[in-house]
Amino acid sequence: MSPPIRWQAFVDGLRAEVGAAREGGRVLAVMLVDIRRFGIHNYRLGFEQGERIVAETLTRLTGGLKKASALERIAPGRMAAIIPDVAVPELLSVGAERLSRSLAEPIGLGDEQVAIDASLGVSIFPDHGERPESLLSEAELALEQAEHAASPYHVASRADSARRLEAWHMEKDLDRAMLEDDLVLHYQPQVSLKQRRVCGAEALMRWTKDSRVLRPDQFIPLAESTGVIHGLTEWAVHTALREMAGLLIDHPQLSVAVNVSASSVYDPSLLLSVESALAIWDIPPACLVIEVTESSLMRNPELGFRNLAQMRQMGVRVAIDDFGTGFSSLSYFKSIPADEIKIDQSFVRNMSLNAGDAHLVEAIIGLSHSFGLTVVAEGVEDRETLEMLRAMGCDQVQGYFLSHPLELDRFGDWVAGVGDRELPVP
Ligand code: G
Ligand code: G
Ligand code: MN
């Protein structure tokens, strides 16, 4: 039952195959497959079930890798394959994607369905190395990249080493920015339409670098493709809670929403850092909202849902951001572990001009309410849109019509200014 670990056999096989590929002028690929948190599966389910997870993963790989000449378990939660003759290297990522989809299907162990998070890393001979050592280390780096990024697989490329260097510099710059307060959060108010009061804020990251203000779109993607994002997410959670702690004394109804990237949704340490940040800043869990985009859950819904469900068990609220753009199936509504739906700006922006958008927004509000979810409309830029949303029964609004994202002090002033009276919302 227990698949043997055959590291040396794999390396010997790889050496022979690389020699043959060189002789024959062929392209060869090495694929590493890693079951993330394999140790945790063992701990939770027992060694025997852990072995069954590996056996099932190997079975699925065998089914998906018809052209592989070797497929071995090389470490407890890790497998490796050799594809000795790759006709079209560009198609490797198509294959990797198909494989990772099959690995994301839950595994039935007795009465339990277990979702595993497997990452694939691929390197190619001769592009990424001539020796087994370099091919394996490039595949290892590709695996690391896949684990960091919002993608379950990564095929090594020549651009990788340049990006690694860039990310390394960025990590240094960001460390300094955190220390010197060049990295800050701005807060965009969110208003409850029923209570006509400010009910919270979304925290949005800003980085002042060489006297230019960078928006998240300009640095989050690189941070996401490396491990840097995890430190950033942790910083954002801590900073938002620390900065909100003061405001909560006078305005206990406020919540703060922190955006969490796809890769952090699957990062087991997110739960722990949220838990400790809440304890350190002594904030009730319900005052924190974790925003995840709909599309980030599609990589592995099973696992993403489980992590978010644990977040909610702690009392933290979960919001699905950019809702409507992720093409998720409507059946998700039945099981999505969320408290809030944030309707994407693209539907809200034109709803006063475009009847189709207005119908969509109204339908999302109705559907969300029937599942007990709170609805926030983003990107509200004018009174007319706000009035329509109110008539549709939308719970909360956020957008330039009420306020742009504000520096902490200005957000405090804004709350103090509007906090005691009803807002000028219809
Ligand atoms: O205003 P704005 O440019 O801040 O935001 C652009 C995008 O960046 C939004 O999609 C938002 O969700 C994202 N974003 C803003 N702050 C953060 C953050 O702290 N972490 C992550 N992962 N994304 C953020
Ligand atoms: O993806 P997310 O929903 O987190 O993105 C929030 C982004 O929307 C931020 O970049 C924020 O600055 C921006 N934003 C907030 N309100 C408005 C608005 O009313 N109009 C437009 N165009 N953008 C907005
Ligand atoms: Mn958001």
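In which strand is Glu-291 found? Glu-291 is found in strand S12, and I will start from this residue today. Before that, a word on the basis: this is a predicted model, in which local features need pLDDT of at least 70 and side-chain atom pairs count only at pLDDT 80 or more, while totals for chains, interfaces and linings use all residues. Residues are numbered from 1 along each chain as its sequence is written, chains are lettered from A and ligands numbered from 1 in the order in which they are written, and side-chain values use heavy atoms, with hydrogens and water left out. When I say helix or strand, I mean DSSP runs numbered from the N terminus, with helices being H or I of at least four residues and strands being E of at least two.

Let me turn to the metal. The manganese ion, ligand 3, has as its protein donors Glu-202 through OE, Asn-259 through OD1, Glu-291 through OE and Asp-321 through OD, and they lie 2.1 to 2.4 Å from the ion. Donors here are N, O and S atoms within 2.8 Å of the metal (3.2 Å for Na, K and Ca), and since water is not among the atoms, sites may look incomplete. Along the chain, the donors of this ion follow the spacing E-x56-N-x31-E-x29-D. Distant parts of the chain are linked in this way, for Glu-202 sits in strand S9 (residues 197-209) and Glu-291 in strand S12 (residues 288-293), 89 residues apart.

How accessible are these two? Glu-202 is buried, with a relative accessible area of 4%, and Glu-291 also counts as buried, at 1% relative accessibility; buried means under 20% relative accessible area, exposed over 50%, and partly exposed in between, with a 1.4 Å probe and protein chains only. Leaving aside neighbours within four places in sequence, Glu-291 is in contact (heavy atoms within 4.5 Å) with residues including Glu-202, Asn-259, Asp-321 and Lys-342.

Now to the helices. Helix H10 (residues 269-280) and helix H11 (residues 301-313) pack at an angle of about 15°, with their axes 10 Å apart, which makes H10 roughly parallel to H11. Axes are lines fitted to C-alpha atoms, for helices over the stretch in contact, and angles run from 0 to 180 degrees between N-to-C directions; angles under 35 degrees count as roughly parallel, over 145 as roughly antiparallel, 65 to 115 as roughly perpendicular and the rest as oblique. The contact is made by Leu-270, Leu-271 and Val-274 of H10 together with Asn-307, Gln-310 and Met-311 of H11. Helix H10 also holds Glu-275, which is partly exposed, with a relative accessible area of 42%.

For another pair, helix H3 (residues 47-64) and helix H4 (residues 92-104) pack at an angle of about 150°, again with axes 10 Å apart, and H3 is therefore roughly antiparallel to H4. Where they meet, Thr-57, Arg-60, Leu-61 and Gly-64 in H3 face Arg-98, Leu-99, Ser-102 and Leu-103 in H4.

I will finish with Thr-385, which lies in helix H14 (residues 383-391) and counts as buried, at 1% relative accessibility. Not counting residues up to four places away in sequence, Thr-385 touches Val-348, Met-351, Ser-352 and Val-380.
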